[in-house]
Amino acid sequence: MSDLQGKHGLIVGVANKRSIAWSIAQAASRAGAMLALTYQGERLEENVRELGTTLSPSPLILPCDVTSDEQIAELGAAVEREFGGLDFLLHAVAFASREALQAPYVQTSRAAFREALDISAYSLVALSREVAPLMSARGGGSILTLTYLGSQRVFPNYNVMGVAKAALEASVRYLASDLGPQNIRVNAISAGPIKTLAASGISGFSNILQLYRERAPLRRNIEAAEVADAAIFLLGPRGCAITAEVLTVDAGFQAMGM
Ligand code: NAP
């Protein structure tokens, strides 16, 4: 595959080798893209740097805590300085406090609600605003985020994260409308459950995995590499007429009534 040959991409959300963002980074690199990867805080810097050494060409490694407007602005400036523009952005970031993922949703505090929506949904708006001029400089671009069916249906313990994903999916549509005239596309992939660091915060996650294996038409769970295949399609030129879309990659689970 060389769909992304000569393209520059920014990948936000690599924590470790299990991260969906890491699978997408590997696939994008194989497809020919030059990447910038971000890490959140010093705790994860070494991880991301180490992973980065396995990509060729070597990616830029830059800090970005998405709760900081200053760091987002510095990220945009660094990408502009190094790449001169940007062709695609992957947003693969989500967070909710442990309490918010354990207590019933009705107990969600104002602070936990704000934090989850800020990190998991508003960050797409802030990052899109930052990179839009860099994409315009290239004649357009593609922005992709990751969501989950908990935005539309109730899953035990997904709680405020489901509400944040609903806001994220609505943001995809509004951003697509705002940025479409600049030939910037904005889409989401709604992925089936995959065991990652973020997923380990949802108690009963292995029950969700099992449910998918039993009920999904394909009778199996999905892999991060399969999300990456769909991501390369949406990030690259083959997805050029697709925007404001939520593409489901879940072995068909979402179609089932029982
Ligand atoms: P992951 O590897 O834990 O990735 C989540 C990323 O979000 C981590 O890199 C995390 O960094 C980052 N993050 C959290 N707060 C941040 C902040 N303030 N600033 C910058 N980054 C921050 O888990 P993942 O499952 O691959 O998640 C990636 C995306 O896929 C998320 O949006 C998730 O909701 C979505 N998704 C996952 C599944 C699944 O089953 N795994 C299914 C559908 C959609 P820290 O580790 O430092 O917090």
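## Cysteines

A residue counts as exposed when its relative accessible area is over 50%, and as buried when that area is under 20%. In this predicted model, cysteine 240 has a relative accessibility of 56%, so cysteine 240 is classed as exposed. Cysteine 64 has a relative accessible area of 3% and is therefore buried.

No disulfides turn up when the whole structure is searched: the count is zero.

## Largest pocket

The largest pocket encloses a volume of about 1,200 Å³. Its lining is made up of 45 residues, and those nearest the centre are Ala94, Phe95, Leu197, Ala198 and Ala199.

Several secondary structure elements each give two or more residues to this lining. The helices are helix 1 (20–30), helix 2 (42–52), helix 5 (159–179) and helix 6 (205–215). The strands are strand 2 (34–39) and strand 5 (141–147). Sorted by class, the lining of the largest pocket holds 29 nonpolar residues, 12 polar residues and four charged residues.

## Second largest pocket

The second largest pocket holds about 240 Å³ of space. Lining this pocket are 13 residues, of which Lys7, Gly140, Gly141, Asn183 and Arg185 are the closest to its centre.

By class, the lining of the second largest pocket comprises six polar, four charged and three nonpolar residues.

How values were computed
Residues numbered from 1 in each chain as written. Predicted model: local features only at pLDDT ≥ 70, side-chain atom pairs only at ≥ 80, totals over all residues. Heavy atoms only, no water. Disulfide = S-S within 2.5 Å. Buried < 20%, exposed > 50% of the residue type's maximum accessible area, 1.4 Å probe, protein only. 1 Å grid on protein atoms, 1.4 Å probe; cavity = no way out; pocket = protein on both sides within 12 Å on 5 of 7 lines; lining within 4 Å. Points joined across faces, edges and corners; volume = space filled by probe spheres on them. Helix = DSSP H or I, 4+ residues; strand = E, 2+ residues; numbered from the N terminus. Nonpolar A, V, L, I, M, F, W, Y, C, P; charged D, E, K, R; others polar.
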